[in-house]
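Please look through the structure below, and then follow the questions and answers, which go step by step from empty spaces to the core and to charged pairs.

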Amino acid sequence: MAGAGTTSTKTDVPSPPPAPAQLSGAEVGSAAQRERRRRILDATLALASKGGYDAVQMRAVADKADVAVGTLYRYFPSKVHLLVTALARELEKVESRADRSVLQGDTPVERLSFVLSMITLAMQKDPLLTEAMTRAFMFADASATSEVNRVAGIIDRLLAGAMISQDPDAVPTAQDLAIARVISDVWMSNLVQWLTRRASATDVTNRMELTVKLLLERN
C-alpha cells in the first residue's frame with residue numbers, strides 16, 4: 001500500500017497482490033487477520049443492507065471496517081468477491097445451525113419445500129442485502145470462481161440434506177446433490193425475478209413447490 005507521503009501516481013488506486021485468494025480463507029492467517037477479515041465482511045453486509053449493491057464501494061467498506069483501502073484489496077480484489085464471500089459466510093452460519101431432525105415434513109418434497117420457503121422468507125426480509133448478494137453471485141466472473149463454488153456447494157448440501165432424510169448423519173449421494181443443484185438454479189432464477197419485480201413472493205413459492213414436486217416425485 002502506498003503511503004500518504006509518497007510521490008507515486010497510484011496512491012489512490014491500490015493494486016491487489018498476485019494471489020489475493022491466499023488471504024481470503026477463513027482459516028488462513030493470524031488471529032488479527034481473521035478479525036480484520038470479519039470486520040470487512042461485517043461492514044460489507046451493513047452497507048449492502050442499507051443501500052444495496054451500489055452502496056458497497058471499496059473505500060466505504062474500508063472506512064467502516066477501519067482498514068486501509070490497500071489492505072482491503074489484499075483480502076478481496078473487488079466488491080463482487082466481497083459480497084459473494086459474505087453470502088458464503090452467512091450461508092455457512094445457516095448450515096452450522098441446521099438440524100435435520102426438526103425439519104417440518106414427512107416426505108422429501110415437504111422437507112425441501114419447507115427449507116426453501118424458510119431461506120426465501122429470510123432473504124425477502126432484507127431486500128437490499130439480498131439484491132446486493134444476488135447480483136454479485138449472478139454477475140461474478142471467472143476470477144471469483146472459488147467463492148461462487150463455495151456458495152453453490154453450501155446451498156446444494158442444505159437442499160440435498162433436507163431432501164434425503166431427517167437423520168443428521170445421512171450423507172447425500174452424487175445424484176442427490178445433482179438434483180439439489182438443479183433446484184438451486186431454479187430458485188436463484190426466481191429470486192432474481194422477485195428482485196426485479198417480475199414475480200411476486202407468492203409466485204416464487206408456487207414455482208419452487210412445483211419444481212420440487214416435478215423433480216422428486218419422479219424419483
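A cavity is a set of grid points where a 1.4 Å probe fits but cannot get out, and its lining residues have an atom within 4 Å of a point. The model discussed here is predicted.

Q: Which class of residue is absent from the lining of the second largest cavity?
A: The second largest cavity has a volume of about 50 Å³, and its lining is made up of Leu87, Leu91, Met123, Thr134, Ile155, Trp187, Met188 and Leu191. By class, this lining holds 7 nonpolar residues and 1 polar residue, and the class with no residues in it is charged.

Q: Which element gives the most residues to the lining of the second largest cavity?
A: Two elements give two or more residues each to this lining, and they are α4 and α8, the latter covering residues 174-195. The element that gives the most to the lining, with 3 residues, is α8.

Q: What is the volume of the largest cavity, and which elements give two or more residues to its lining?
A: A search of the whole structure finds 3 cavities of 30 Å³ or more, and the largest of them holds about 80 Å³ of space. Its lining includes Ser113, Trp187 and Glu209, and by class it has 4 nonpolar, 4 polar and 1 charged residues. The volume is therefore to be given as about 80 Å³, and the elements with two or more lining residues are α5 and α9.

Q: Which element gives the most residues to the lining of the largest pocket?
A: The largest pocket contains about 750 Å³ of space, and of the 29 residues that line it, the closest to its centre are Leu91, Val94, Glu95, Ile119 and Leu158. The elements giving two or more residues to this lining are α4, α5 (108-124), α6 (127-139) and α7. By class, the lining has 19 nonpolar, 2 polar and 8 charged residues, and the element that gives the most, with 7 residues, is α4.

Q: Which helix contributes the largest share of the largest nonpolar core?
A: In soluble globular proteins, nonpolar side chains tend to be buried together. The largest nonpolar core here has 61 residues, and those with the most contacts inside it are Ile40, Leu72, Leu112 and Trp187. The largest share of this core, 9 residues, comes from the helix that spans residues 145-164, which is α7.

Q: Which residues does Leu72 touch, leaving aside residues up to four places away in sequence?
A: Leu72 is among the residues with the most contacts inside the largest nonpolar core. When residues up to four places away in sequence are not counted, the residues that Leu72 touches are Ile40, Met58, Val61, Ala62, Val67 and Leu82.

Q: Is Val212 buried or exposed?
A: Val212 has its place in helix α9, which covers residues 201-216, and, not counting residues up to four places away in sequence, it touches Val109, Leu112, Ser113, Leu116, Ile183 and Glu217. Because a residue under 20% relative accessible area counts as buried, and Val212 has a relative accessible area of 0%, Val212 is buried.

Q: How many residues apart in sequence are the parts that Asp42 and Arg89 tie together?
A: Asp42 forms a salt bridge with Arg89, in which the closest N and O atoms are 2.6 Å apart. Asp42 lies in helix α1 and Arg89 in helix α4 (residues 79-97), so the distance in sequence between the parts that this pair ties together is 47 residues.

Q: Which of the two partners, Asp42 or Arg89, is buried?
A: Asp42 has a relative accessible area of 29%, and it is partly exposed. A residue is buried under 20%, and because its relative accessibility is 13%, the buried partner is Arg89.

Q: Which residues are joined into one network by salt bridges that share partners?
A: The structure holds 9 salt bridges, and in one of them the side chains of Arg38 and Glu35 meet at 2.6 Å, N to O; being 3 residues apart in helix α1 (residues 31-51), these two are separated by about one helical turn. In another, the side chains of Lys93 and Glu90 meet at 3.4 Å, N to O, and both residues lie in helix α4, 3 residues apart, about one turn of the helix. Through shared partners, the residues joined into one network are Glu35, Arg38, Asp42, Arg89, Glu90 and Lys93.

Methods: Residues are numbered from 1 along each chain as its sequence is written. This is a predicted model: local features need pLDDT of at least 70, side-chain atom pairs count only at pLDDT 80 or more; totals for chains, interfaces and linings use all residues. Side-chain values use heavy atoms; hydrogens and water are left out. A nonpolar core is a set of buried Ala, Val, Leu, Ile, Met, Phe, Trp, Tyr and Cys residues joined through side-chain atoms within 4.5 Å. Buried means under 20% relative accessible area, exposed over 50%, partly exposed in between (1.4 Å probe, protein chains only). Helices (H or I, at least four residues) and strands (E, at least two) are DSSP runs, numbered from the N terminus. Contact means heavy atoms within 4.5 Å. A salt bridge is a side-chain nitrogen of Lys or Arg within 4 Å of a carboxyl oxygen of Asp or Glu. On a 1 Å grid over the protein atoms alone, a cavity is a set of points where a 1.4 Å probe fits but cannot get out, and a pocket is an open set with protein on both sides within 12 Å along at least five of seven lines; lining residues have an atom within 4 Å of a point. Ala, Val, Leu, Ile, Met, Phe, Trp, Tyr, Cys and Pro count as nonpolar, Asp, Glu, Lys and Arg as charged, and the others, Gly among them, as polar.
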